[in-house]
Amino acid sequence: MTATHPALRHDWTIPEALAIHDQPLFELVDRARGIHRARHPEGKVQLCTLLSVKTGGCPEDCAYCPQSSHHSTGQKSEKMLDVDDVLGAAARAKDAGATRFCMGAAWREVKDGPAFDRVVDMVKGVKSMGLEACVTLGMLDEGQAARLKAAGLDAYNHNLDTGRDAYKSIITTRTYDDRLATLRNVRKAGITVCSGGIIGMGESNEDRVAMLVELARLEPHPESVPVNALVRVPGTPLAELPPVTGVELVRMVATARIMMPASRVRLSAGRAELPEEAQLLCLYAGANSIFYGDKLLTTPNPGPNEDAALLARAGLVAEPPRL
Ligand code: SAM
Ligand code: DTB
Ligand code: SF4
């Protein structure tokens, strides 16, 4: 092991993580960059396309989310998409250059029945197209995770969202330990774990790193760590908060890279409002994955042409599947 290739650790503490996060920016970026280069192919970015397969009307009260039925965002509850429509979207994503297709549902949890059966068919279809498949469906039990694994699912996204203390002021309808239990069920089924969170919800730097400590204490680390900047949607309780700055996002990405050297760090929601230079600095400091396509779940993302041009300008290329 060397300074740029440290052993993977699962005993991180909050003071230690905070010291990393708060150090002078250039020192932080240098350290993260060194670790990134030692562990990951140079200049490659994973392109993941998102699709909301069941939008709106969610019973959970997540303060950030436009799809919660507790907020008046104008987002209607829509019916679930058909398998064919989803596979059409997956084919277009593949043609545009995506290698991972992620399907989201505005559910509190998975319930056995026709809707879940349909998701299982979507996963099988996406896999048959040679794409990595990821879903994010809320809480999940062991049996449901096993069914998704049997369908060929590569990854399950379930975010811790923030640190344990800050969590209580963001979501009241489920607990932090519920979230961790789902991650255990996903891991037990042999599906890779995608888990991260959101910055810009009024939390402190300590709350931000507390979330990274929770993730980095998991054994193994989540294979993917999405770092989202809050998309401030009118009608949500967090709509009036100040926007996240590029530097804040770089610090979070770099800290995640240092604490979880082998994981993919995904520069996730919030890029539409982020200057190109800030996005590139995040990619320099350890992010190696982005959401690719003109929509996230319900909010805008830079379009594929815009992102292809951004990558080309920086001499970055799309990474082929690693799984
Ligand atoms: N309902 C499922 C759940 O919550 O687990 C899956 C979909 S949910 C929309 C997936 C993730 O999107 C959330 O955990 C949250 O981290 C992220 N997200 C939702 N709204 C967001 C927003 N306005 N800005 C940034 N990230 C957001
Ligand atoms: C994640 O961490 N970010 C994505 C994905 N996982 C599912 C979702 C971002 C959603 C942003 C708000 C929206 O478009 O509704
Ligand atoms: Fe529902 Fe997921 Fe949005 Fe929370 S984040 S309100 S669980 S869709």
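This passage describes the surroundings of ligand 1 and ligand 3 in a predicted model.

Ligand 1 is surrounded by 19 residues, of which Y64, W107, N159, D161 and V231 come nearest. By class, this shell is made up of 11 nonpolar, 5 polar and 3 charged residues. Polar contacts to ligand 1 involve both backbone and side-chain atoms of the protein: a backbone N or O atom of Y64 lies 3.0 Å from a nitrogen atom of the ligand, whereas a polar side-chain atom of N159 is placed 2.9 Å from an oxygen atom of ligand 1, and a polar side-chain atom of R179 is found 3.2 Å from an oxygen atom of ligand 1. Taken alone, ligand 1 exposes 550 Å², and 91% of that area is buried by the protein. With regard to its location, ligand 1 sits in the largest cavity.

The largest cavity is also the space taken by ligand 3. The residues around ligand 3 are C58, E60, C62, Y64, C65, S68, A106, W107 and R174, and this shell divides into 6 nonpolar, 1 polar and 2 charged residues. Two of the residues listed around ligand 3, Y64 and W107, are also among those that come nearest to ligand 1. For Y64, which belongs to the surroundings of ligand 3, the contact with ligand 1 is made through a backbone N or O atom, at 3.0 Å from a nitrogen atom of that ligand.

Note on methods
Residues are numbered from 1 along each chain as its sequence is written. Chains are lettered from A and ligands numbered from 1 in the order in which they are written. This is a predicted model: local features need pLDDT of at least 70, side-chain atom pairs count only at pLDDT 80 or more; totals for chains, interfaces and linings use all residues. Side-chain values use heavy atoms; hydrogens and water are left out. A residue is near a molecule or strand if one of its heavy atoms lies within 4 Å of it. A polar contact is a pair of N or O atoms within 3.5 Å; within protein, one must be able to donate a hydrogen and the other to accept it, and residues adjacent in sequence count only if both atoms are side-chain atoms. Accessible areas come from the Shrake-Rupley method with a 1.4 Å probe; for residues, only the protein chains shown count as cover. On a 1 Å grid over the protein atoms alone, a cavity is a set of points where a 1.4 Å probe fits but cannot get out, and a pocket is an open set with protein on both sides within 12 Å along at least five of seven lines; lining residues have an atom within 4 Å of a point. A molecule sits in a cavity or pocket if more than half of its atoms lie within 2 Å of its grid points. Ala, Val, Leu, Ile, Met, Phe, Trp, Tyr, Cys and Pro count as nonpolar, Asp, Glu, Lys and Arg as charged, and the others, Gly among them, as polar.
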